[in-house]
Amino acid sequence: MSLYNLWEPHRHAKEPVTPHPEALSCAAALAKLHHRGWAHGDVQPNHFVIGPTETFLIDLALAHGGEVPESYDFRYRGCLVHYEAPEISRSILERGTAVPTKEADVYALGASLFISATGWRHVSYPDDASRKDQRQAIVDKPHRPVNVPGRQGKLIEQMMSRNPADRPSSTEVCQELRKAR
């Protein structure tokens, strides 16, 4: 089951969302990939398959970091815009391509936790906006206020910093989520 689907009942609950072990398992799956030298390039709630004992990160088609035979490699033109970091959206708008990074993955994980907890995209734009307009909104607008309570909300805020250097690493995200439990 995906993180978004798993947290759906919490979006309508009277009590605020509290830290869940699923957030840590998703962060751990991403940190494992990062530790191996790869950036995923398409982090989103549906790419975390949460099982009874382990969380798997799927859809590595846009991953970047290791040896990829030239015949299989292609230019990275972004991912599902709902989770793109501002620097990725900016690069795609300006150059038509970008380079996936671990920092952008952390932003996307924060946006994934945010949408899974609240049901809202990290940046507001019309549902029928073109991809170009969606990306421009991500570049121009701040993300929505993070209304997830406690340490998890503060962590999501840090993960979605506009400055990639200010974001925690995926390992640091795991450490903070362990503290939040």
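Buried here means under 20% relative accessible area. The model on screen is a predicted one, and that cut-off is used at several stops below.

**Whole chain**

Start with everything shown as a cartoon. The protein has seven helices and two strands. Followed from the N terminus, the elements run α-α-β-β-α-α-α-α-α. Colour by accessibility next: of the 181 residues, 48% count as buried.

**Stop 1: R11 and helix α1**

Select residues 3–11, which make up helix α1, and pick out R11 within that helix. Is R11 buried or exposed? Its relative accessibility is 16%, so R11 counts as buried.

Now add S116 to the selection. R11 and S116 are 105 residues apart in sequence, yet their C-alpha atoms lie 7.8 Å apart in space.

**Stop 2: α1 against α2**

Keep α1 and add helix α2, residues 21–35. Two packed helices are described by the angle between their axes and the distance between the axes. For α1 and α2, the axes come within 11 Å and cross at roughly 160°. That angle makes α1 roughly antiparallel to α2, because angles over 145 degrees are classed that way. The crossing of α1 past α2 is left-handed.

**Stop 3: A28 and T171**

Stay on α2 and select A28, which is found in that helix. A28 has a relative accessibility of 31% and so counts as partly exposed. Add T171 and draw a C-alpha to C-alpha distance: the two residues are 7.4 Å apart in space and 143 residues apart in sequence.

**Stop 4: helix α4**

Select residues 102–118, helix α4. How many residues of α4 are buried? The count is 15 of the 17, so α4 is largely enclosed by the rest of the structure. Hiding the other elements may help in viewing this helix.

The length of α4 can be checked against expectation. At 1.5 Å a residue, its 17 residues should span 24 Å, and the end C-alpha atoms are 24 Å apart, which agrees. Then move to the residue just after α4: G119 takes a positive phi of about 85°.

**Stop 5: E84 and its partners**

Select E84, which is found in the loop between β2 (55–57) and α3 (86–95). Its relative accessible area is 1%, so E84 is buried. Show side chains around this residue. One polar contact joins the side chain of E84 to the side chain of S89, at 2.6 Å.

Now add R135. The side chains of R135 and E84 meet in a salt bridge, at 2.8 Å from N to O. This pair links distant parts of the chain: R135 is in helix α5 (residues 131–140), E84 is in the loop between β2 and α3, and the two are 51 residues apart. Both R135 and E84 are buried.

**Stop 6: α3 against α5**

Keep α5 displayed and bring in α3. How do these two helices cross? Their axes come within 8 Å, at roughly 130°. The two helices are therefore oblique to each other. The crossing of α3 and α5 is left-handed.

**Stop 7: other salt bridges**

Side chains of opposite charge can pair when their charged atoms come close. In this model the count comes to five salt bridges, including the R135–E84 pair already visited.

Select R121 and D127 next. They form a salt bridge in which the closest N and O atoms are 3.0 Å apart. What is the accessibility of each partner? R121, at 15% relative accessibility, counts as buried, whereas D127 is exposed, with a relative accessible area of 70%.

Finish in helix α7, residues 170–180, with E176 and K179 selected. Their closest N and O atoms are 3.0 Å apart, and the two residues form a salt bridge. Why are E176 and K179 separated by about one helical turn? Being three residues apart in α7, they have about one turn of the helix between them. E176 is partly exposed, with a relative accessible area of 27%. K179 is also partly exposed, with a relative accessible area of 47%.

Note on methods:
Residues are numbered from 1 along each chain as its sequence is written. This is a predicted model: local features need pLDDT of at least 70, side-chain atom pairs count only at pLDDT 80 or more; totals for chains, interfaces and linings use all residues. Side-chain values use heavy atoms; hydrogens and water are left out. Helices (H or I, at least four residues) and strands (E, at least two) are DSSP runs, numbered from the N terminus. Buried means under 20% relative accessible area, exposed over 50%, partly exposed in between (1.4 Å probe, protein chains only). A polar contact is a pair of N or O atoms within 3.5 Å; within protein, one must be able to donate a hydrogen and the other to accept it, and residues adjacent in sequence count only if both atoms are side-chain atoms. The expected span of a helix is 1.5 Å times one less than its number of residues. A salt bridge is a side-chain nitrogen of Lys or Arg within 4 Å of a carboxyl oxygen of Asp or Glu. Axes are lines fitted to C-alpha atoms, for helices over the stretch in contact, and angles run from 0 to 180 degrees between N-to-C directions. Angles under 35 degrees count as roughly parallel, over 145 as roughly antiparallel, 65 to 115 as roughly perpendicular and the rest as oblique. A crossing is left-handed if the near helix is turned anticlockwise from the far one by less than a right angle, and right-handed if clockwise.
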